[in-house]
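Here are a few short exercises to work through with the model open. Try each one yourself before reading the solution.

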Amino acid sequence: MRKKYLNYIKKFCKIFFYVYLVILLWKLFKISGPALGNIQEISENRKLSFWNLNLMPLKTIADSIKISNYSTMILNIIAFIPLGFLYPFVINENKKILTYLLHFLVFDLLIEIVQFITMLGFFDIDDVLLNMLGFLQGFILYHIIKYIHGLFFIQEKNHIQLKGE
């Protein structure tokens, strides 16, 4: 019974991961009126040698803190928490944390590169840092829940053994 329950949870989490991923990518690369304006603005800025690129770590974060604009930073973190939580369900759950971080880093860098090339956004190293922070929070949450669930199962198993004696 417990194994069947866990299989349903894993299947649901895998499906939710892919649905969330599609929605996230659609939001990041949505081409609409405002995005088309961004493309035009970025194109004009490139002609003036101002690129949609920030490779200086913590520059955007520091600028946001100076003007008390935390919303973009918070959204970058929150948007990637579900990916950190759900990703272990998609690949082998027993991989080392560095493997998960490397996979996410490659994925996140691809997002930033596509935004830069398509001019649908900026390549910002601070976005990578904030997204990684969100991913890590989700990953830690996954392990906390897994640990609590494991404790519950051990208590449940011990209780059944004691009751059967």
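**Exercise 1.** Keep in mind that this is a predicted model. Work out whether Asn54 counts as buried or exposed, then find its partners.

*Solution.* Start with the accessibility: Asn54 comes out at 12%. The cut-off for buried is under 20% relative accessible area, so Asn54 counts as buried. Next, place the residue: Asn54 sits in strand S1, residues 53-54. Now look for contacts, skipping neighbours within four places in sequence: Asn54 touches Lys59, Thr60, Phe123, Asp124, Ile125 and Asp126. Finally, check the side chains: those of Asn54 and Asp124 are joined by a polar contact of 2.7 Å.

**Exercise 2.** Find which helices supply at least two residues each to the largest nonpolar core, and pick out what Phe17 touches.

*Solution.* First, get the core itself: the largest one has 21 residues, and Phe17, Leu83, Tyr87 and Phe135 have the most contacts inside it. Then sort by helix: H1 (2-28), H4 (71-90), H5 (97-118) and H6 (125-164) each supply at least two residues. H4 gives the most, with 8 residues. Last, zoom in on Phe17: leaving out neighbours within four places in sequence, Phe17 is in contact with Leu83, Leu86, Tyr87 and Val90.

**Exercise 3.** Decide how Ile144 should be classed by its relative accessible area, and say which surface patch Ile144 helps make.

*Solution.* Locate Ile144 in helix H6. Its relative accessible area is 44%. Since partly exposed runs between the 20% and 50% cut-offs, Ile144 is partly exposed. Then add the company: Ile140, Ile144, Tyr147, Ile148 and Leu151 make a nonpolar surface patch of about 500 Å².

Key:
Residues are numbered from 1 along each chain as its sequence is written. This is a predicted model: local features need pLDDT of at least 70, side-chain atom pairs count only at pLDDT 80 or more; totals for chains, interfaces and linings use all residues. Side-chain values use heavy atoms; hydrogens and water are left out. A nonpolar core is a set of buried Ala, Val, Leu, Ile, Met, Phe, Trp, Tyr and Cys residues joined through side-chain atoms within 4.5 Å. Buried means under 20% relative accessible area, exposed over 50%, partly exposed in between (1.4 Å probe, protein chains only). Helices (H or I, at least four residues) and strands (E, at least two) are DSSP runs, numbered from the N terminus. Contact means heavy atoms within 4.5 Å. Patches are made of residues with over 30% relative accessible area and no salt bridge: like charges are joined within 9 Å, nonpolar side chains (Val, Leu, Ile, Met, Phe, Trp, Tyr) within 5 Å. Accessible areas come from the Shrake-Rupley method with a 1.4 Å probe; for residues, only the protein chains shown count as cover. A salt bridge is a side-chain nitrogen of Lys or Arg within 4 Å of a carboxyl oxygen of Asp or Glu. A polar contact is a pair of N or O atoms within 3.5 Å; within protein, one must be able to donate a hydrogen and the other to accept it, and residues adjacent in sequence count only if both atoms are side-chain atoms.
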